[in-house]
Amino acid sequence: DSPVPVSGFLGEQVVLPCTYKGKVAVSDLLVIWGRRKTEIVHKFVNGNNNLREQDSRFKNRTNLFKDQLEQGNWSLLISDLQKTDQDEYQCQIFWNTTVGIYWEQTEIVHLSVKERAPTFAPNTAVP
């Protein structure tokens, strides 16, 4: 599948979409948002965030929508967008069992980061 294009503005927030279509319970899922094969942007395992291996550039800038995980919404909110955030991201979902980890699904999102054009107030004539 081709990547889903998403764009955001410098210093603002953006949501990278990821919808899980499977049937495995949230507590049995391992979800890794990553980029460039090795960078971990956000990791969720056994019902909780696990940010020990999170890339330092994303520290305190990522969130999942905890109240929507059961409905399959694994979208990632990135705050305070940086120019260096522009990249291709993978939402990888695995079934985490006692005997092994099984791939369930991968979503790919391409994020572009733009500067917001300055907005000017309309000229007000002074009488």
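How many aromatic pairs does the count come to? In this predicted model, the count comes to three aromatic pairs. One of them joins F58 and Y89, whose ring centres lie 6.4 Å apart; the planes meet at 85°, so the pair is edge-to-face. The two residues come from separate parts of the chain: F58 belongs to the loop between β5 (48–49) and β6 (62–64), whereas Y89 sits in strand β8 (residues 87–96), so the pair ties together parts that are 31 residues apart in sequence. Both members of this pair, F58 and Y89, are buried. Another pair is formed by W95 and Y102, with ring centres 6.0 Å apart and planes at 45°, so that this pair is tilted. The angle of 45° falls between the limits for the other two classes, since planes under 30 degrees apart count as stacked and planes over 60 as edge-to-face. W95 is partly exposed, its relative accessible area being 37%, and Y102 is likewise partly exposed, at 40%. An aromatic ring also takes part in an arrangement with a charged residue: R116 lies over the face of F9, at a distance of 3.9 Å from the ring centre.

The overall architecture of the protein chain is built from strands. The chain contains nine strands and zero helices, and its pattern along the sequence accordingly reads β-β-β-β-β-β-β-β-β. Along the principal axes, the C-alpha trace spans about 80 × 30 × 30 Å. The radius of gyration of the protein chain is 18 Å, while a compact globule of 127 residues would have a value near 14 Å. Of the 127 residues, 40% count as buried. The protein chain exposes about 8,000 Å², of which carbon and sulfur atoms supply 52%. Among contacts with a separation of 6 or more, 56% are accounted for by residues 24 or more positions apart.

A covalent link is also present in the model. The count comes to one disulfide, formed by C18 and C91, with the sulfur atoms 2.0 Å apart. The torsion about the S-S bond of C18 and C91 is about -70°, so the disulfide is left-handed. This bond links distant parts of the chain, as C18 lies in the loop between β2 (14–16) and β3 (29–35) and C91 in strand β8, 73 residues apart. Both cysteines, C18 and C91, are buried. Strand β8 thus appears in two of the features described here, holding Y89 of the edge-to-face pair and C91 of the disulfide.

The surroundings of C91 include V31, a residue of strand β3. With a relative accessible area of 2%, V31 is buried, a value that lies under the 20% cut-off for that class. Leaving aside residues up to four places away in sequence, V31 touches H42, K43, F44, W74, C91, Q92 and I93. Separation along the chain and separation in space can be set side by side for this residue: V31 and G11 are 20 residues apart along the chain, and their C-alpha atoms are separated by 26 Å.

A further set of features concerns the loops. The loop between β5 and β6, which holds F58, also holds D55 and N60. D55 counts as buried, at 15% relative accessibility. When residues up to four places away in sequence are not counted, D55 touches E39 and I40. D55 and V41, which are 14 residues apart in sequence, lie 5.9 Å apart in space, C-alpha to C-alpha. In contrast to the buried D55, N60 is exposed, with a relative accessible area of 74%. The backbone of N60 has a positive phi of about 60°, although this residue is not a glycine. A positive phi is also found at N46, with a value of about 50°, and N46 is not a glycine either. N46 is located in the loop between β4 (39–45) and β5.

Technical notes:
Residues are numbered from 1 along each chain as its sequence is written. This is a predicted model: local features need pLDDT of at least 70, side-chain atom pairs count only at pLDDT 80 or more; totals for chains, interfaces and linings use all residues. Side-chain values use heavy atoms; hydrogens and water are left out. Rings of Phe, Tyr and Trp (its six-membered ring) pair if their centres lie within 6.5 Å; planes under 30 degrees apart count as stacked, over 60 as edge-to-face and the rest as tilted. Helices (H or I, at least four residues) and strands (E, at least two) are DSSP runs, numbered from the N terminus. Buried means under 20% relative accessible area, exposed over 50%, partly exposed in between (1.4 Å probe, protein chains only). A charge sits over a ring if NZ of Lys or CZ of Arg is within 6 Å of the ring centre and within 35 degrees of the ring normal. A disulfide is a pair of cysteine sulfur atoms within 2.5 Å. The radius of gyration is taken over C-alpha atoms; the globule rule is 2.2 Å times the number of residues to the power 0.38. Contact means heavy atoms within 4.5 Å. Accessible areas come from the Shrake-Rupley method with a 1.4 Å probe; for residues, only the protein chains shown count as cover.
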